[in-house]
Amino acid sequence: MRLAKHLAHSGVASRRACERIVAEGRVTIAGEVVRDPARDVDGGVSIAIDGKPVAGTEARVVYAVHKPVGVLSTAHDPFERPIVTGLVPDAGLRLYPVGRLDLDSSGLILLTNDGELAHALTHPRFEVEKTYEIVVSGGRVGEPALRQLRGGVMLEDGITAPARVRRLPARGGACERKEDRGGKPRGPGERLEIAIREGRNRQVRRMCEAVGHPVTSLVRVAFGPLALGKLPPGEHRLLAAEQVDALRAAASLPQAALEESPR
């Protein structure tokens, strides 16, 4: 197995982050500094990062989490604000979030120690679709704005890829939970479903603002083939093997059955 992949499977970080760690000269094998993330390793070698031994490969798991508004999509926060990994406190593993949801957004986020899967689900090359239910202001969204959202919106970092967009009924659905971080209800607005295959920072919000309809509520309701469903805010569930295989298929990865829960 390649060194970066081995480190990711050991729960160190995502595979991309592990590649950077290796390139920075922070990894040693049997006491020798190694800078090649593609170097082949096996389970019998002694590997350390910054002089600290790396534990053996952990059982790979994936959790679906319903991130509430006001919770950070990160594994660490120096200001000790609520973080999404804190919603799975008894996992007994070093988990990190797959992708991001900003502080004012809620919905489905994945936590895993599988660096390969995390990389494939978030890298634009694999084009894994993320689906959102949003509420927008600015009155009724006209057909020109819908066509622009579907065909591509020019942002400061370039034009967006085509997106799937459709209107949703005015009542019902996850986006009717219109509350700000203080728990105060927000005003009514038109509800849309939008699905994108990119992962730019605050992309959906920026797209809608660019066409004159700022987002007032955003809930991620699906990540590839995995739906949020009726998972309550703040709760989590461990994914079954077939669900993880479906995620791997969406990211064009070989199927590999999920290992048993470590708990």
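**A pocket, a helix and a threonine**

Hi everyone, let's start with the pocket: the largest one in this protein has a volume of about 1200 Å³. Its lining comprises 43 residues, and those closest to the centre are Pro97, Val98, Gly99, Arg100 and Thr122. Keep in mind, please, that what you have on screen is a predicted model.

Which elements give two or more residues to that lining? They are helices α2 (15-23), α3 and α5 (203-210), together with strands β6 (96-98), β8 (130-136) and β13 (215-223). By residue type, the lining of the largest pocket holds 20 nonpolar, twelve polar and eleven charged residues.

Let me step back for the overall picture. The protein has 263 residues, and 49% of them count as buried. It contains six helices and 15 strands. If we take contacts between residues at least 6 apart in sequence, 65% of these join residues at least 24 apart. As for the surface, about 12900 Å² is exposed, with carbon and sulfur atoms supplying 50% of that area.

Now to α3, one of the elements we just met in the pocket lining. This helix covers residues 115-122, and it is largely enclosed by the rest of the structure, because seven of its eight residues are buried. Here are the buried ones, if you want to click along: Gly115, Glu116, Leu117, Ala118, His119, Ala120 and Leu121. Look also at the start of α3, where Asp114 uses a side-chain oxygen to come within 3.2 Å of the backbone nitrogen of Glu116.

That Asp114 brings me to my last residue, Thr112, which sits in strand β7, residues 106-112. Is Thr112 buried or exposed? With a relative accessible area of 1%, Thr112 is buried, since the cut-off for that is under 20%.

What does the side chain of Thr112 reach? One partner is the backbone nitrogen of Asp114, at 3.0 Å. Another is the backbone oxygen of Val61, at 2.6 Å. So Asp114 has a part in two of the contacts I've shown you: its backbone nitrogen is reached by Thr112, and its own side chain reaches towards Glu116.

Leaving out residues up to four places away in sequence, Thr112 touches Val61, Val62, Arg94, Leu95, Tyr96, Val98 and Ala118. Two of those names should sound familiar: Ala118 is among the buried residues of α3, and Val98 is one of the residues closest to the pocket centre. Finally, Thr112 and Leu93 are 19 residues apart in sequence, with their C-alpha atoms 8.8 Å apart in space.

Thanks, and I'm happy to go back to any of these views.

Terms used
Residues are numbered from 1 along each chain as its sequence is written. This is a predicted model: local features need pLDDT of at least 70, side-chain atom pairs count only at pLDDT 80 or more; totals for chains, interfaces and linings use all residues. Side-chain values use heavy atoms; hydrogens and water are left out. Buried means under 20% relative accessible area, exposed over 50%, partly exposed in between (1.4 Å probe, protein chains only). Helices (H or I, at least four residues) and strands (E, at least two) are DSSP runs, numbered from the N terminus. A polar contact is a pair of N or O atoms within 3.5 Å; within protein, one must be able to donate a hydrogen and the other to accept it, and residues adjacent in sequence count only if both atoms are side-chain atoms. On a 1 Å grid over the protein atoms alone, a cavity is a set of points where a 1.4 Å probe fits but cannot get out, and a pocket is an open set with protein on both sides within 12 Å along at least five of seven lines; lining residues have an atom within 4 Å of a point. Grid points are joined across faces, edges and corners, and a volume is the space filled by probe spheres set on the points. Ala, Val, Leu, Ile, Met, Phe, Trp, Tyr, Cys and Pro count as nonpolar, Asp, Glu, Lys and Arg as charged, and the others, Gly among them, as polar. Contact means heavy atoms within 4.5 Å. Accessible areas come from the Shrake-Rupley method with a 1.4 Å probe; for residues, only the protein chains shown count as cover.
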